[in-house]
Amino acid sequence: MARFIFRLPDIGEGIAEAEIVAWHVKVGDRVEEDAGLADMMTDKATVEMESPVSGVVVEIAGEVGDMIAIGSALAVIEVDDEGAGDDGASDLGAQAPVEEQTDAENPDAATADRLDAASEPVAPAPRPAAAAPIEVQQTSRPGEHESVLASPAVRARAKDLAVDLRQIKAREGGRVRHSDLDAYLSYTQGYRAGAAAVRADKPIKVIGMRRRIAENMAASKRNIPHFTYVDEFDVTALEAMRSDLNANRGTRPKLTMLPLLIVAICKAIPDFPMINARYDDEAGVVTRYGAVDLGMATQTDAGLMVPVIRGAQSLNVWQLAGEIVRLAEAARSGKARSEELSGSTLTVTSLGPLGGIATTPVINRPEVAIIGPNKIVERPVIRDGEIAIAKLMNLSISCDHRVVDGWDAANFVQALRKYVETPVLLFAD
C-alpha cells in the first residue's frame, strides 16, 4: 500500500496559516478524487480542500478550530498500489505518494495529529454542583386528597401542577387555599408555576467566522478610543419622497432608506475628509480617501460580514439599491468574492426595522468611523407652535478619537441632517 500526504497548499493572499472550520471526512472513510476533505478559512474567505486521489483516509491533522500552517500535512490517504504510479505522483508534485514507513523514517506522518474524527467528543469537566433543587414529584393517586380540605379549584390546580396537597400546611381553618399553594410553590426550590424547563449547558467552540469577528471586535475596542455621537433627524419629507420614488420605479429595485442615506453621506464627506479614512497605527499614518468605498455590515448565518460598495459616491440611488441587494445576497449565500469583503474606507451598520433608540457601533478597524441609522418612529413634535406628527430617526456615529474630534463628528452629522431633512438636495448638483 502507498500513502499520499496531502499538504495544505498556498491559498494565496500571502497567508501563513489557515483555520480548519469543517471536516468532510474522518479516519477510516473512503474518499474519491476531487471530493471534499476539509473547509479552511483565511482572513478573507473559506476554501474547500479537495482530495487529489482516491483512497482511505488514515490520518487527519487537527480538529475543527485548529490553525494549520501552509505546507503542513493536512491528511494522509492510503491508496491502492496500482493507483500510485507515476501519473499520480506527477499530478501531486510535492504531495507525491510515499511508501508506508516508520515514524522515524517519515517525520511528516509522525508529526501529523492523530485525531480520530469518528470518536465521541470529550465532555467538559462537570462544574461543582450547587445545592440540589427540591423536585416536586407526582405522588397523587385517586382518593389521596380526600382528607385535605380544599375547594375544587384548588384541587384541580394542584393536580395540574403535580402537587400533593398533603404536603401543604393550611394557614387558616385547616383549608388549603390558593395563597397556601402559591406560598408552597414560592418556597420550593427548582419549581415555579409556568417556569420553563432548565436546559443542559452546551459548550460551543468559537471557530471560523465567529472567531474572526471576536478577534476583530476585541482588537478594535482594545486599540481604538471610541466615542459615539447621536442626534435626531426628522425624516418625514425623506420618507414621503422615498414613497413617491418607489411608486414610479418601474423595473428598478425598491428603495429602502439606506441608499438615500448613502447619497447624503457621500455628499457630506468632501467637507469632512477625516471621516472617510483609515489609520495605520503601527506606521502612524492616516490616509484620507477621495473615493467612498462603503462597507455595509450584513448579518449572515456565519456571522457579521462587511461587503463593500466600491465608489459609492459615483452611484445614483437606484444603482446603490441594486448593489446593496446584490452584495447582501452574495454575503449570505457565501458567494461574495474576497475583494468584495475588504478595503472599505467607511462603514454603515443598520438593524433595519429592529433599529433601537440608539446604537454605539464598534468601528471596523482600521477605519476611523462607523455610522448607524436607527429605527424610524412617529412622534408628536412642535412646529410653528402647533403639535404635528413627524417621522423621526436617531443617527449614531462612532469615531476614533485619535483621528476624529467630537467637533468634527457633530458637524458632519449636522451636514447629513441638511441633506436628510431637505431631500431635494440629494438630487441637486
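At 26% relative accessibility, Asp-281 counts as partly exposed, a class that lies between buried (under 20% relative accessible area) and exposed (over 50%), computed with a 1.4 Å probe on protein chains only. The model is predicted, so local features need pLDDT of at least 70 and side-chain atom pairs count only at pLDDT 80 or more, while totals for chains, interfaces and linings use all residues. Residues are numbered from 1 along each chain as its sequence is written, and side-chain values use heavy atoms, with hydrogens and water left out.

Asp-281 forms a salt bridge with Arg-402, the closest N and O atoms being 3.6 Å apart; the term stands for a side-chain nitrogen of Lys or Arg within 4 Å of a carboxyl oxygen of Asp or Glu. Because Arg-402 lies in the loop between β21 (386-400) and α9 (406-421), and Asp-281 in the loop between β13 (277-280) and β14, the pair ties together parts that are 121 residues apart in sequence. Helices (H or I, at least four residues) and strands (E, at least two) are DSSP runs, numbered from the N terminus. Arg-402, at 36% relative accessibility, is likewise partly exposed.

By this rule the count comes to 22 salt bridges. One of them joins the side chains of Arg-3 and Glu-78, at 3.7 Å from N to O; since Arg-3 lies in strand β1 (residues 2-7) and Glu-78 in strand β8 (residues 73-79), this pair ties together parts that are 75 residues apart in sequence. Both Arg-3 and Glu-78 are buried. Another salt bridge, at 3.2 Å from N to O, is formed by the side chains of Glu-63 and Lys-205, and it links distant parts of the chain, with Glu-63 in the loop between β6 (55-60) and β7 (67-69) and Lys-205 in the loop between α4 (178-187) and α5 (208-223), 142 residues apart. Glu-63 is partly exposed at 38% relative accessibility, and Lys-205 is partly exposed with a relative accessible area of 45%. In addition, Glu-323, Arg-326, Arg-337, Glu-339 and Glu-340 are linked in a network of salt bridges.

Another acidic residue, Asp-293, is found in the loop between β14 (285-288) and β15 (294-296), and counts as buried at 17% relative accessibility. Its side chain reaches the backbone nitrogen of Gly-311 at 2.9 Å. Leaving aside residues up to four places away in sequence, Asp-293 touches several others, including Val-308, Arg-310, Ser-344, Thr-345 and Leu-346, where contact means heavy atoms within 4.5 Å.

In soluble globular proteins, nonpolar side chains tend to be buried together. Here the largest nonpolar core (a set of buried Ala, Val, Leu, Ile, Met, Phe, Trp, Tyr and Cys residues joined through side-chain atoms within 4.5 Å) has 53 residues, and those with the most contacts inside it are Ile-262, Ile-265, Ile-275, Ile-397, Val-404 and Phe-412. Helix α7 (residues 257-268) gives the most to this core, with 10 residues. A second, separate core of 21 residues includes Ile-20, Met-49, Val-57 and Ile-68.

Finally, the axes of helix α3 (residues 152-160) and α4 come within 10 Å and cross at roughly 20 degrees. The contact is made by Ala-153, Val-154, Arg-157 and Ala-158 of α3 and His-178, Leu-181, Asp-182 and Leu-185 of α4. Axes are lines fitted to C-alpha atoms, for helices over the stretch in contact, with angles running from 0 to 180 degrees between N-to-C directions.

Note on methods
Polar contact = N/O pair within 3.5 Å; in protein donor to acceptor, adjacent residues only side chain to side chain.
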